[in-house]
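Hi,

Here is the structure I promised to pass on. Have a look, and then read my notes below.

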Amino acid sequence: MAAVTAAVSFPSTKSTCLPTRTSIISPERITFKKVPVYCYRDVSSGVRVVSVKAQVTTEAPAKVVKESKKNEEGVVVNLFKPKNPYIGRCLLNTRITGDDAPGETWHMVFSTEGEIPYREGQSIGVIPDGIDKNEKPHKLRLYSIASSALGDFGDSKTVSLCVKRLVYTNEKGELVKGVCSNFLCDLKPGAEVKITGPVGKEMLMPKDPNATIIMLGTGTGIAPFRSYLWKMFFEKHDDYKFNGLAWLFLGVPTSSSLLYKEVTNCQKKGLIHD
C-alpha cells in the first residue's frame, strides 16, 4: 500500500480551462480508497489550493501459468537411443499426393512389435542408412508420429509417419536430395529401419474428452493431428470418448496435395470444423 498526495491549483478567475498533467504510474491494477479532501487558500498569491490525500493499493495482474507436460506420468521417452536403436521393418509405404501435386508425400508404416510405447503427439527418430561426407553414420532425424497409440492396424505394434520427399536445385544448379526423406520415401516393404525414441511431451493429446482442441498445420504438419483424429473419431476406447470440439486449420497448395481422406470425411460429417 502506498500513500499519494496530490495538489491541484484553481485560478481565482472563473476560467474553466485548467492545466492538466497525466502520469502513468505502472501497468498494475490500482485501487483508490475514499479519503478526506482539504481546501485552503494561499494568502500571498490569492490562489485557492485543494490538497488531496489518497491511499493507493496496487495489485499485480494474475499471471497465466502454462501447464507443462514435461512431468506427465506414464509417458515413455528416449527408450531407444542412437547408439542402440530399435530395428523395425517397413510394412507399408505409399504415396498419398496426386501426380500433379508439387512434390511427393508418402505414408509409411513400420513394425514395432509393441516395443515402442508412444502416445498421440510424440515423435520418433530415424537414422538413415549410409554415411555422411565425413564418413560417419548419418545423424537421426525426428518425425512426428502420424498414427494413434494403437497404430494403423489397431494392435499397438506399428508406428506410422508422413514424410515429404525433399528435392531441390541449389544455387550452383545441382540437384540436392534430402538424405533421410529420400531414404524413407524409397523404402520397400520388408526393409529395416533404425528407430529411436519416442520423444516429446509438449504436443501430447489432451486427456480431457470434453476439451476444445485447435489444430494448425500445413502439409505434413498434419501428422500429429491425424493421430489425434484417429483416437477421437475412428477408435473405441473403454476409458475415452471424445465429446469436445475439434478445429483443424490445414493449408495445402493444391487440392491434390490434401493429405488423408479421413480428414476430408471428418469435415464432411461435421466432426471437425475447418
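First, a term: two strands pair if DSSP finds at least two bridges between them. Strands themselves are DSSP runs (E, at least two residues) and helices are too (H or I, at least four), numbered from the N terminus. Residues are numbered from 1 along each chain as its sequence is written. Keep in mind that this is a predicted model, where local features need pLDDT of at least 70, side-chain atom pairs count only at pLDDT 80 or more, and totals for chains, interfaces and linings use all residues, while side-chain values use heavy atoms and leave out hydrogens and water.

Now strand 12 (residues 192-199). Four bridges tie it, antiparallel, to strand 7 (residues 123-127), with Ile127 opposite Lys194. Strand 5 also runs antiparallel to strand 12, again through four bridges, and here Arg89 faces Glu192. Six of the eight residues of strand 12 are buried (under 20% relative accessible area, 1.4 Å probe, protein chains only), so the rest of the structure largely encloses it.

Elsewhere, strand 13 (residues 212-218) and strand 14 (residues 245-251) run parallel, joined by seven bridges. Leu216 sits opposite Phe249 in strand 14.

Past that, Ser256 is in the loop between strand 14 and helix 3 (261-268). Its relative accessibility is 17%, so Ser256 counts as buried. The Ser256 side chain makes a polar contact (N or O atoms within 3.5 Å, one able to donate a hydrogen and the other to accept it; residues adjacent in sequence count only if both atoms are side-chain atoms) with the side chain of Asp100, at 3.0 Å.

Cheers

Technical notes
Buried < 20%, exposed > 50% of the residue type's maximum accessible area, 1.4 Å probe, protein only.
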